[in-house]
Amino acid sequence: MTAGPTQTDIADSVVRGFTSFATEVVHDHVSDAALRAAKRCLVDAVGCALGAQETDVISALRAVASTAISSRPATLWGTTIQTTPDMAAFVNGSATRCLDFNDDYFGTEKTNAHGDTGPHPSDNLGGILSAAEVAGASGSETLLGIVIAYEVCGQLVDEVVLRGNGWDHPLFHSIATSAAAARLLGLSRAQTANAIRLAVVPNICLYETRVGSISNWKGLAGPNGSRNGLFAAVLAEAGITGPEMAFEGARGFMRQLDHEFSLGPFGSLQRPFRVENTYFKHLPLRYEMQLPVQLALEMRKTVDPRDIATMRVYMERKSVVSREAEPALWRPSNRETADHSGPYLIAAALVDGAITEATFEAERYLDPSLLDVTNTIQLIEDPAYTASFPWQMACRFEVELKDGRALTLMGENPKGHPQNPMADDEISAKFLGQVEPRLGKDRAEELLQCIWSLEEQPSLERLFALMVPDSTSATSA
């Protein structure tokens, strides 16, 4: 195959901006704070992924991936199984996303999209580490790839109104992973531009993924975006070209969204990288519901949920749905809907005093007594909360009890929000809580220290090896 002509002047300004950043940023441009943040994200993601290894969904995906072989293999985390790089990207990213416990990003106080879309940037890590593995990248190079992906993904979150136009966020992961993978694979400027183009045009996704009775695909869509981004980089590496005006063309991305945007400044030594403003979860559920559930747990100390007559929950616009528009959220019929349902999650916190894996089992989300509490809850927009979102996430409960008393409870910025961050020790504790049951205390600690010192690793070989329990055989699936 003959590659397309070398392109020195990229006409599409968005392709040009991402290409320039991905090909020109070097470690000397990245602060210690940004590299530390990248390690925090990797610690968090690996913990989530290893915690999900025995779920039915990941077992099924692992079985599919085990049927594929490659002369350029990549590893399924937590096993010695090797498969094609794109399948490893998909399965590993899906494991990270599976329990809805991985990180998020909505923007900062300077976002132009006002938190329209909140993708999970760690959905990209399956594709990034697959690219790093096949490229033989060092730990230091891998961390730079993570910084690149989080920056590209964050730029899109900051600038693009996607969800409000009916589209879904996995496209952001396709673009982010394509840029990071292109860098890890050593692609030229022209090839990197084509990787980004090939990540955009074929991969626009529908928001139907996240409404109604939600399917397994909700947790797989983002990782599939990363898989597509890695595939785009591999195609570009082989000389395949993509449509030149992917974003700004007459039939390009902006035209389909009916939304024009420009990229803002990228991270540098003078400006924080977006990875430094990652939103971490302290509870295994949708990010916008972290604060309401936190408030429900607080209210439970003084209120018996059986005494509630009505409960009005005031939030920002994007988290507010009505029973008429989304009846499944008041009567969840599967795990995916339950962990995305604000009314159900608030009720579960009030009744049970915790959100655990048991919260998402059918016995719990079908319990009539719990659904009776769910039925008292109404979600209402507070315009002031919408205006301050996402840099200030606020919530207010206005509760009427059956005896006529009225109560109000308010809060802002849940634990893990960039303005209320989790400390490194808390990120580590979250990791160990998920990983120790699988690997044991000593091996979990060793893996944790490997990630915190990843820049010292000459390759990712030790990282992958430490993810595997001692008893795992080369043929286990």
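**A short tour of the predicted model**

1. A good place to start is a pair of strands: S7 (residues 394-401) and S8 (residues 406-412) run antiparallel and are joined by seven bridges. Please keep in mind as you look that this is a predicted model.

2. Staying with this pair, you can find cysteine 395 opposite glycine 411 of S8. Four residues lie between S7 and S8, and the two strands form a hairpin. In its turn, have a look at glycine 404, which has a positive phi of about 95°.

3. Next, a helix. H9 covers residues 217-237, and its end C-alpha atoms are 29 Å apart. That agrees with expectation, because 21 residues at 1.5 Å a residue should span 30 Å. After H9 comes glycine 239, another residue to look up, with a positive phi near 100°.

4. Stepping back to the whole chain, you will find 19 helices and eight strands in its secondary structure. The C-alpha trace spans about 75 × 55 × 40 Å along its principal axes.

5. How does the radius of gyration of the chain compare with that of a compact globule? The chain has 22 Å, and a compact globule with 477 residues would have a value near 23 Å, so the two agree.

6. On packing, 60% of the 477 residues in the chain are buried. Among contacts with a separation of 6 or more, 77% come from residues 24 or more positions apart.

7. Finally, the surface: the chain exposes about 18,000 Å², and 51% of this is supplied by carbon and sulfur atoms.

Methods:
Residues are numbered from 1 along each chain as its sequence is written. This is a predicted model: local features need pLDDT of at least 70, side-chain atom pairs count only at pLDDT 80 or more; totals for chains, interfaces and linings use all residues. Side-chain values use heavy atoms; hydrogens and water are left out. Two strands pair if DSSP finds at least two bridges between them. The expected span of a helix is 1.5 Å times one less than its number of residues. The radius of gyration is taken over C-alpha atoms; the globule rule is 2.2 Å times the number of residues to the power 0.38. Buried means under 20% relative accessible area, exposed over 50%, partly exposed in between (1.4 Å probe, protein chains only). Contact means heavy atoms within 4.5 Å. Accessible areas come from the Shrake-Rupley method with a 1.4 Å probe; for residues, only the protein chains shown count as cover.
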